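Subject: Structure for you to look over

Hello,

Here is the structure I said I would pass on. My notes on it follow below.

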Amino acid sequence: MLRIDIEACIGCGICESTCTFGAIKVEGGQAVVGDTCTLCGSCVDVCEVGALSIDREEKAIKGNLSDWSGVWVYAECRHGRIAPVALELLGAGRKLAEKRGVSLSAVLLGSKLEGMAEDLVAYGADKVFVVDDPALASFTDDAYGNALSALAKKHKPEIILAGATAIGRSFIPRVATTLATGLTADCTDLSIRDEDGALLQTRPAFGGNIMATIVCPHTRPQISTVRPLVMKPLARDAGRKGEIVVVNLDTAMLKPRVKVLDSVVEDLDRVNLSEADIVVAGGRGLENEKGFAMIRELADVLGGAVAASRAAVDSGWIPYPHQVGQTGKTVAPKIYIACGISGAIQHLVGMQSADTIIAINRDADAPIFDVATYGIVGDVFEIVPKLIEKFKERKSS
Amino acid sequence: MKIIVCVKQVPDAKDVRLDPKTNTLAREGVQSIMNPYDRHALEEAVRLKEKHGGTVTVLSMGPPQAEEMLREAVSCGADEAVLVSDRAFAGADTWATTYTLAMAIKKIDDFDLILCGKQAIDGDTAQVGPGLAERLDIPFVAYVRKINDCTANTIRAERLMDDGYDLLEIPLPALFTVVKEINEPRIPSLKGKMKAKKIDITKLTAVDIEADPEQLGLKGSTTQVVKVFSPELKGARAMLGGTATEQVAQLYEKMSPLL
């Protein structure tokens, strides 16, 4: 409960203007809290007269948190390939493990995994748990969830990281529920709190309009899914030494209730969007489907991929796999060219880690310019064709 | 077929803007809407009912105002509406939310399929669907983009993946979360609107669902928000001036070494 000391409250309204959830209002000279309060504590921090407090009844911690030790990375593998995010997480996990003075392990689940565990060691794992079983050939929530939960129950890691991919976001919540512990989705920053070694998990919420830092205070492990392309992998070092532990799990545990009849890889440019060095993106300013023909042409000339803002996708100008942002893909190309995109926060969270961002927009006040390396205030229908011309000339010369 | 659809009332995130002066969300005039993904879940449930018979019950955990959204769901084809509402739920994270929804569903008891949107646009966690399935111990499938076949005991459906899709066969009862591609939601019919006006919404409190108070709201949450702040935007903001031709020439110079 958020408590308001009505004796102390002077009705200044600072809390009202601070609350991102619109949950606190000054009525009749006094702060009043409403139903939308999430107990985030922002108002408590800003109240100058100390009239606000949050009752956090200290919850009994079950078991000893220090029994849990070590950082784990779930190394996602699909269609015979380790997901790039797994290597990024080993990079992030390495730092966390060193700060905590513990080891970093990877968990590899799948079938026919020869050689992959060695790769995970080369990218930073001290230990790799491998469950190589035909029952894990296709992804099912049941089998993958049971396998990871069983390993975690036995070895008690303090932290588990997984990619915020279709697979990670599907089965990791199940693992957290089975282990009766907290999970923070879609993190963009991870660090260790100095006082108590707790994992500080930062993630965008409200379509990226706010960032929230979250802890998991009473239970272990602390589990996070992490956005792809946010963390940096370590350089591959084939000389690194690590232990590979092959685990055989009870077959009953790996029997899924859901049957995978087929697993189809669709060769849309959705696959290379996340991996493209150059991304040309269009938004509402393109006005219609035809606007995207121009974006495609620029992308072709530059050898890049085509992306879009949610506004363009919602308008039906381009299909969802091209969407970049909070509810779409995250990209981190060398060059991102935003054409006619205003830059709603929910779009920015998906592309702001690009090395160079170029924004072309009619509106000089568009928020996209706040993340832009180079900005052009102008008409996309004038600028983009000229740019296409320029690069065509360069190509032919 | 008895279907439960879980729906959440959320602020219309498209309208949520950051006030550059105070760095807080300008929420004035921000509408509360049905979470857009849940709308697709509801539509799919209504289509399944129309094809195979049965009932659709919409279930929401939220403040009393969520009643309005539930009436809208009825106007779009739901038969029953249940609102689980209690001050004790305040501050619930996804763990406490799945507990509450699971207890409410145990009250409703009879179902073949539960549908949810893939995530809510305010929290974007995508955790309630899978967590709820685990609590109810039923099969779970995320990102359903198409339901191909449906019998009394099984459903065949397509699950959208990062690199394509999986074709799955799922025994019932089960829980799916759906993506937007699955359908185009209908607008309320006149008949639906009439029904929505009259319908008696079942209201359940923490006591009604026989919940353990220790598991609810902030107290029952496994995660805690310790800080909320505005995202940092760190562009160099080098603006290229001049005529369009000059702007393009400058940009070309800047880009060429990067290619």
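In which sense do β12(A) and strand β13 of chain A pair, and over how many bridges? They pair in the antiparallel sense, over 4 bridges, with β13(A) covering residues 199-205. Within this pairing A:Leu190 has A:Gln201 of β13(A) as its bridge partner. Please keep in mind throughout that the model is predicted.

The sheet shared by β12(A) and β13(A)

These two strands belong to an open sheet of 4 strands with antiparallel pairing, in the order β12(A)-β13(A)-β14(A)-β14(B). The edges are β12 of chain A (189-192) and β14 of chain B, each of which pairs on one side only. From one strand to the next, the twist averages 25°. The sheet takes in strands of both chains, and the link between the chains is the pairing of β14(A), residues 210-215, with β14(B). That pairing is antiparallel and has 5 bridges. A:Thr213 is found opposite B:Lys227 of β14(B).

The parallel sheet

Another open sheet has 6 strands, paired in parallel, and its order is β19(A)-β18(A)-β20(A)-β21(A)-β22(A)-β15(B). β19 of chain A (305-308) and β15 of chain B (238-239) are the edge strands; each has a single partner strand, so one side of each has no neighbour in the sheet. β18(A), residues 278-282, is joined to β19(A) by 4 bridges in a parallel arrangement. A:Gly282 has A:Ala308 in β19(A) as its bridge partner.

Two helices of chain A lie across strands of this sheet. Helix α8(A), residues 289-302, lies across β18, β19 and β20 (335-339) of chain A and runs at about 170° to β18(A). Helix α11(A), residues 380-396, lies across β20, β21 (356-361) and β22 (374-377) of chain A, at about 135° to β21(A).

Helix contacts between the chains

α11(A) also meets a helix of chain B, namely α6(B). The two axes come within 9 Å and cross at roughly 50°, which makes α11(A) oblique to α6(B). The crossing is right-handed. From α11(A) the contact takes A:Glu382, A:Ile383, A:Lys386, A:Leu387 and A:Lys390, and from α6(B) it takes B:Ala244, B:Thr245, B:Gln247, B:Val248, B:Leu251 and B:Tyr252. By class, the residues of this contact are 6 nonpolar, 2 polar and 3 charged.

A further helix pair is α6(A), residues 166-178, with α4(B): their axes are 8 Å apart and the packing angle is about 45°. α6(A) is therefore oblique to α4(B). Here too the crossing is described as right-handed. The residues involved are A:Ser170, A:Phe171, A:Pro173, A:Arg174, A:Thr177 and A:Thr178 of α6(A), facing B:Pro130, B:Gly131, B:Glu134 and B:Arg135 of α4(B). This contact has 3 nonpolar, 4 polar and 3 charged residues.

The interface as a whole

How many residues of chain B are in contact with chain A? There are 71, and they touch 82 residues of chain A. On the side of chain B that touches chain A, the elements giving two or more residues are α3 (94-108), α4 (128-136), β9 (140-150), β10 (154-161), β11 (164-171), β14 (224-229), β15 and α6 (244-255) of chain B. That side consists of 39 nonpolar, 16 polar and 16 charged residues.

Strands within chain B

β9(B) and β10(B), both listed above as contributing to the interface, are joined by a hairpin through 3 residues. They run antiparallel and share 5 bridges, with B:Cys150 opposite B:Ile155 of β10(B). β9(B) also pairs with β12(B), residues 174-178, in parallel and over 3 bridges. In that pairing B:Val144 stands opposite B:Val178.

Domains of chain A

Chain A is divided into domain 1 (2-54), domain 2 (65-254) and domain 3 (270-392). The centres of domain 2 and domain 3 of chain A, taken over C-alpha atoms, are separated by 32 Å. Their contact takes 8 residues from domain 2 and 10 residues from domain 3. The side of domain 2 that touches domain 3 has 4 nonpolar, 3 polar and 1 charged residues.

Regards

Key
Residues numbered from 1 in each chain as written. Chains lettered and ligands numbered in written order. Predicted model: local features only at pLDDT ≥ 70, side-chain atom pairs only at ≥ 80, totals over all residues. Pairing = 2+ DSSP bridges. Contact = placed C-beta atoms within 7 Å. Axes fitted to C-alpha atoms, helices over the stretch in contact; angles between N-to-C directions. Nonpolar A, V, L, I, M, F, W, Y, C, P; charged D, E, K, R; others polar. Parallel < 35°, antiparallel > 145°, perpendicular 65-115°, else oblique. Left-handed = near helix turned anticlockwise from the far one by under 90°. Domains from an automatic or database assignment.
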